[in-house]
Amino acid sequence: MKTRGIIVRNFSHYYGQVRSLNNINLDVYRHEILGIIGPAKSGKSTFLACLNRLNDLIPGSRVEGKIEVDGQDIYGPDVDVVALRRKLGIVFATPVPLPMTIYENVVFGLRLLGNDERRELDRIVEDSLEKAGLWNEVKDRLHTSALKLSGGQQQRLCLARVLALKPEYILLDEPTSGLDPISTMKIEESLRQLKKDYTIILVTNNTKQAARVADRTAFFLMGELVEIDETHVIFTRPMDKRTEAYLEGKFG
């Protein structure tokens with residue numbers, strides 16, 4: 001039986017008077033990869049930002065409706081936003097390695113939290129890089145600059161940095177948009193493995209990627225959730241003509 005981790009009900013988001021998300025209703029199940037597709041400016045990235053409240057950082061941002069994560073209203077007055085963002089770690093489209101070693105990139109957040117126990121940090125670095133599919137490529141140069149890594153390696157390093165903080169959910173905002181096919185394949189392989197231990201929400205402009213890795217797929221258009229279903233259903237017999245038109249490349 002599927003267990004719901006995230007419940008979104010009648011959720012809308014505004015930038016000032018401009019509505020970016022309109023009355024979103026969906027569930028995210030534990031240990032699934034939920035793909036979110038749609039044309040540019042359809043609200044996909046905004047939805048991710050609302051899930052871990054990065055939208056709070058934008059002046060004029062406000063919300064209506066409810067998002068519950070593991071039964072907690074994340075916009076409730078007693079929510080620890082820092083803890084929420086650890087629980088729902090996010091990886092962006094452009095990798096942003098810190099100007100320090102590979103090792104220090106992975107443990108950066110842990111050091112901020114006061115964890116300086118070397119043996120524990122060593123274990124976490126290996127585990128996080130292994131899960132991100134990067135360990136074998138960098139294990140002999142952990143103390144060299146992360147800026148010397150390739151783009152694909154840098155993106156997997158950013159994923160490892162998130163994993164080091166022990167999230168329960170991983171939010172991915174077009175993580176392979178600027179990567180070559182081999183780097184994309186490695187990240188997709190990592191996601192399939194990570195699903196065993198994490199719940200993943202993948203925003204992607206690559207419909208083929210959603211078809212390859214997502215268990216279910218949601219189609220967003222102009223701030224609205226048009227439909228959501230098992231991925232094979234969405235891609236073979238969508239219920240809405242707008243979804244069908246998007247998948248056929250007729251817009252966006």
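## Strand S9, buried on both faces

Look at S9 and you'll see its side chains split between two directions: Arg 216, Ala 218 and Phe 220 point one way, Thr 217, Phe 219 and Leu 221 point the other, and all are buried. This is a predicted model, so treat everything here as a reading of that prediction. With six of its six residues buried, S9 (residues 216–221) is largely enclosed by the rest of the structure.

What does S9 pair with? Strand S3 (residues 33–37) runs parallel to S9, and four bridges join them. If you want a spot to find that pairing on screen, go to Ile 36, whose bridge partner in S9 is Ala 218. S9 also pairs with strand S10 (residues 224–230), this time in the antiparallel sense and over six bridges. There, Leu 221 has Glu 224 of S10 as its bridge partner. As a reminder, strands of a sheet pair through backbone hydrogen bonds, either parallel or antiparallel.

## Two loop residues with positive phi

The hairpin of S9 and S10 has two residues between the strands, and Met 222 takes a positive phi near 50 degrees there. Most residues other than glycine have a negative phi. Met 222 is not a glycine, yet its phi is positive. While the strand S9 residues are buried, Met 222 in the loop is exposed, with a relative accessible area of 71%.

Lys 41 is another one to look at: its phi is near 65 degrees, again a positive value in a residue other than glycine. You'll find Lys 41 in the loop between S3 and helix H1 (44–51). Is Lys 41 buried or exposed? Lys 41 is exposed, at 84% relative accessible area.

## The open sheet

There's also an open sheet of four strands, in the order S2-S1-S4-S5, with antiparallel pairing. Its edge strands are S2 (18–29) and S5 (72–73), and each of these pairs on one side only.

Within that sheet, strand S1 (residues 4–15) and S2 run antiparallel and are joined by eight bridges. A handy landmark for this pair is Val 8, which has Leu 26 as its bridge partner in S2.

## Salt bridges

How many salt bridges does a search of the whole structure find? It turns up 21. Side chains of opposite charge can pair when their charged atoms come close. Arg 111 is a good place to start, with a partner in Glu 104, where the closest N and O atoms are 2.8 Å apart. Arg 111 also forms a salt bridge with Asp 116, with the closest N and O atoms 2.9 Å apart. As for solvent, Arg 111 is partly exposed at 28% relative accessibility, and Glu 104 is partly exposed too, at 24%. Asp 116 counts as exposed, at 52%.

Lys 66 and Glu 68 make another salt bridge, with their closest N and O atoms 3.8 Å apart. Lys 66 is partly exposed, with a relative accessible area of 36%, and Glu 68 is partly exposed at 22%. Then there's a linked set: Arg 30, Asp 70, Lys 87 and Glu 168 sit together in a network of salt bridges.

## Cysteines

What about disulfides? A search of the whole structure finds zero of them. If you're thinking about cysteines anyway, Cys 50 is buried, at 0% relative accessibility. Cys 158 counts as buried as well, at 7%.

## The largest pocket

Rolling a probe the size of a water molecule over the atoms shows where empty space is left. The largest pocket here has a volume of about 620 Å³. Of the 23 residues that line this pocket, the closest to its centre are Arg 85, Ile 90, Arg 161, Val 162 and Leu 165.

Which elements supply at least two residues each to that lining? They are helix H2 (81–87), strand S6 (88–91), helix H3 (102–112) and helix H6 (151–163). Sorted by class, the pocket lining has 15 nonpolar, five polar and three charged residues.

Definitions and conventions:
Residues are numbered from 1 along each chain as its sequence is written. This is a predicted model: local features need pLDDT of at least 70, side-chain atom pairs count only at pLDDT 80 or more; totals for chains, interfaces and linings use all residues. Side-chain values use heavy atoms; hydrogens and water are left out. A salt bridge is a side-chain nitrogen of Lys or Arg within 4 Å of a carboxyl oxygen of Asp or Glu. Buried means under 20% relative accessible area, exposed over 50%, partly exposed in between (1.4 Å probe, protein chains only). Two strands pair if DSSP finds at least two bridges between them. A disulfide is a pair of cysteine sulfur atoms within 2.5 Å. On a 1 Å grid over the protein atoms alone, a cavity is a set of points where a 1.4 Å probe fits but cannot get out, and a pocket is an open set with protein on both sides within 12 Å along at least five of seven lines; lining residues have an atom within 4 Å of a point. Grid points are joined across faces, edges and corners, and a volume is the space filled by probe spheres set on the points. Ala, Val, Leu, Ile, Met, Phe, Trp, Tyr, Cys and Pro count as nonpolar, Asp, Glu, Lys and Arg as charged, and the others, Gly among them, as polar.
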